[in-house]
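Got the viewer open? Here is a short walk through the model, one selection at a time.

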Amino acid sequence: MITTPMNDELGQCAQRLEDILCKVFEQLDTLAAEVVTVWNALDAEGKKPTSKDLAFLQPTIEERLSGNDNYIHGTGVVLEPGELADQEMFLEWFYRPSSGKVIPMMLNFNRQSESFYNYQGMPWFTRPKLTGEASIEGPFVDLYGTELYILAFSVPIFAGGHFVGVAAADIALHEFDQLLTRCLLRMKNEAFIINGEGRIVAANSANWFVGNMASRPAAAKVHKLKPLSIEWSLVELPVPR
Amino acid sequence: MTQLNKVNRLSLLQVSQEGKPEEVARRLIEVIELGLIGVGEQLPSESELATRFGVATVTLRDALAILRQRGVVATKRGRNGGSFVCAPVEVSDEFLKARLSAMSSLELRDLCDEQIAISATAAGLAASRSSSAQHQRLEHFVTALQDATTRSELRRADARFHIEIAVAAQSVRLTHAEMRLQAEMGELQWISTTDVQKSTAIAEHRAILQAVVAGESNLARALTEAHIKEGIKRLMDLRFALLEQQESTLQ
């Protein structure tokens, strides 16, 4: 039997977590790359894309949603206003209802309406736009879209040197938790993952509640998770669980 | 245990459980209130909706019946038939008063108990779990209450404040419970609103928000409990006055 030294446990656990996160981001990068290919092709023809040009993403999106990774609740691309010739605001987005087949997401883009869904102000859209990097927003209780506790993963899409929109996924934390917790349980000490605002995303001990703000004891070891732009950290406490 | 007792025991369990058709109806109402399907527009077909919500067609029909009963949709028969979204009905004060006077003291007290269990707990948790972005959202809905003039505006700003508190508490269950409670209460709290009532509600919401921002869980909880009791007491008083009036006209 191979025994790993204690001090390496944190690093190994962090590596596993990063692999899980990267898998989600890689899928989003694929989606983004497909958009870029079409945008470049249309640009070469001197045409401005329309909402119909995004329909080609459907098979990829549906494949993601019907895969075994049932933590993906919904995914697709969300466009920067002004990018399309026929629509001001647009998203090509599908989600998986509690049962039944994958269906398109409808949102209210009527500016006059009180319930206008203005994604231009939402962190999962603005952050990748401003930083040009991958982002995770949440967890948060999603009041309108999904009625779940959600992590919003997003990556920016750049075509011809300018921002086109984001490729994003709503990850249901209650499903994703399985993966994260299993990683954390490989640690002998108490450990948890916190997001940029200091909120606990997953933990390996009942002493730490998901959703709570974590008070970080001075003796805790903190490992920043990659990609660094997401501002997540793995925290290990000097306490056996 | 007799058969009757068994049935009674079971019905007690069902009180707090929303049935499938009610749940689908509630979600459809949310979709309509969000403006996803506009006034006069046709709802997707029964089978399409049933697939979308993952329920049997029978269940969906029951849900549509609830919507019809509440005047949210109207169903036309025939070739170009289907369910269409109706314009939101302005409920009269008289209608709400009739609804209130038909409620029992026990019902109101029980509603108060449940609201305290949900909303006060949510406020306590929000004080320890909310982020500054959420504080700003809450602030927004206190301001919305200040700006509100019509009964439906007042009610919406009031309901949203409490729902957003549950969101800030990071609890999916408390958020759902709060949404259900607010839907059940409807515009009752805002019958014959006075300026005093409005400014009291604003001051109370602001005080709760301050406690949440300060991270004072116990204070946030206590203030919310007091706020809810205050509201229900007002409804009880109003109901007594209405019943008294009815009594005096009978004599």
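**Stop one: the four-stranded sheet**

Select Lys221(A) and look across to Glu236(A) in E10(A), which stands opposite. This is a predicted model, where local features need pLDDT of at least 70, side-chain atom pairs count only at pLDDT 80 or more, and totals for chains, interfaces and linings use all residues. Residues are numbered from 1 along each chain as its sequence is written, while chains are lettered from A and ligands numbered from 1 in the order in which they are written.

Now show E9(A) with strand E10 (residues 233-240) of chain A: they pair antiparallel over four bridges. (Strands, E, at least two residues, and helices, H or I, at least four, are DSSP runs numbered from the N terminus; two strands pair if DSSP finds at least two bridges between them.)

Widen the selection to the open antiparallel sheet, E8-E7-E10-E9 of chain A. Strands E8 (200-203) and E9 (221-224) of chain A are at the edges with a single partner strand each, so each has one side without a neighbour in the sheet. From one strand to the next, the twist averages 25 degrees. (Axes are lines fitted to C-alpha atoms, for helices over the stretch in contact; angles run from 0 to 180 degrees between N-to-C directions.)

**Stop two: the six-stranded sheet**

Next, pick the open antiparallel sheet E3-E2-E1-E6-E5-E4 of chain A. Strand E1 (residues 72-79) of chain A and strand E6 (residues 162-172) of chain A run antiparallel, joined by seven bridges. Find Gly76(A) there, opposite Ala168(A) in E6(A).
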